[in-house]
Amino acid sequence: SSQDSGQFNLVLDVVQDSKGNDDVSEMGEFDRIQKFAPGGESILQWGAHGREPGQFVRPQNMAIDVNDHIWVADACNHRIQVFALDGEQATLVKSWGTQGAAPGQLSYPYDLALDGQGHVYVSEFGNHRVQKLTLDGESLACWGAPGRKEGELSSPWALVLDSKNRVHVLDTYNHRVQRLRL
């Protein structure tokens, strides 16, 4: 539906695809993503509040891959969802993740980053760690534990990869940034 298109409640993230379109995730009244053309015209919106595939509970952060697929950290559903956009339609390509603390499980994934080499890095607010996973959700490495010491995290909110594939983690409640290699 185009109801309330272009209106926002609590904006969480904005990413830009290869065509210059902006995708905006939001929560609150709507848990959805809206796509806008470079001139600001609304192209598409998808998602709704819920736990079913294609729905969201806090689509916290997004990333775009080389195919212009949108990767969404669906934080309160403890999963990653990936969408292909074709014209005026969003199609769910894959969804993975279950709530838990074991490798491969997620607890409030707040951010994600793709390295272009077949890996996705996820910061988990609830597990106080960063995971390196395959694009299908198989855990390759975990880093971090609850705490304040070096190498420990307190509710990491976000991460970014630099040109040397180092991970910079926003260690939110410790009021610092930590850098690591996974």
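**Figure 1. Burial and overall build of the predicted model.** Buried residues account for 48% of the 182 residues in this protein, which is shown here as a predicted model. The fold has 15 strands and 0 helices. Its radius of gyration is 16 Å, close to the 16 Å from the globule rule for 182 residues, so the protein is as compact as a globular protein of that length. Measured out along the principal axes, the C-alpha trace spans about 50 × 30 × 30 Å. If you like to think in contacts, take those between residues at least 6 apart in sequence: 41% of them join residues at least 24 apart. The accessible surface comes to about 8,800 Å², and carbon and sulfur atoms hold 47% of that area.

**Figure 2. Asn61 and its surroundings in strand β5.** Here we step into β5, residues 59-64, where Asn61 is found. Asn61 counts as buried because its relative accessibility is 10%, under the 20% cut-off. A polar atom of the Asn61 side chain lies 2.9 Å from the backbone oxygen of Tyr110. Beyond its neighbours within four places in sequence, Asn61 is in contact with Leu12 and Asp13, with Trp71, Val72 and Ala73, with Tyr110, Asp111 and Leu112, and with Trp157.

**Figure 3. Asn21 in the loop between β1 and β2.** This view moves to the loop that links β1 (10-16) to β2 (22-27), the place of Asn21. Asn21 counts as buried because its relative accessibility is 10%. Setting aside residues up to four places away in sequence, Asn21 touches Val15 and Gln16, then Lys35, Phe36, Ala37 and Pro38, and also Ile43.

**Figure 4. Gly137 in the loop between β11 and β12.** Another loop comes into view, the one between β11 (129-134) and β12 (139-143), and Gly137 lies in it. With a relative accessibility of 13%, Gly137 counts as buried. Trp96 and Gly104 are in contact with Gly137 when neighbours within four places in sequence are left aside. For a distance to check on screen, try the C-alpha atoms of Gly137 and His119: they are 9.1 Å apart, and the two residues are 18 residues apart along the chain.

**Figure 5. A nonpolar patch on the surface.** Finally, we turn to the outside, where Phe8, Val11 and Val14 make a nonpolar surface patch of about 250 Å². Phe8 belongs to the segment before β1. Phe8 is partly exposed, with a relative accessible area of 41%.

Key:
Residues numbered from 1 in each chain as written. Predicted model: local features only at pLDDT ≥ 70, side-chain atom pairs only at ≥ 80, totals over all residues. Heavy atoms only, no water. Helix = DSSP H or I, 4+ residues; strand = E, 2+ residues; numbered from the N terminus. Buried < 20%, exposed > 50% of the residue type's maximum accessible area, 1.4 Å probe, protein only. Contact = heavy atoms within 4.5 Å. Polar contact = N/O pair within 3.5 Å; in protein donor to acceptor, adjacent residues only side chain to side chain. Patch = residues over 30% accessible without salt bridge, like charges linked within 9 Å, V, L, I, M, F, W, Y side chains within 5 Å. Areas by Shrake-Rupley, 256 points an atom, 1.4 Å probe, with all protein chains shown as cover. Salt bridge = Lys/Arg side-chain N within 4 Å of Asp/Glu carboxyl O. Rg over C-alpha atoms; globule rule 2.2 N^0.38 Å.
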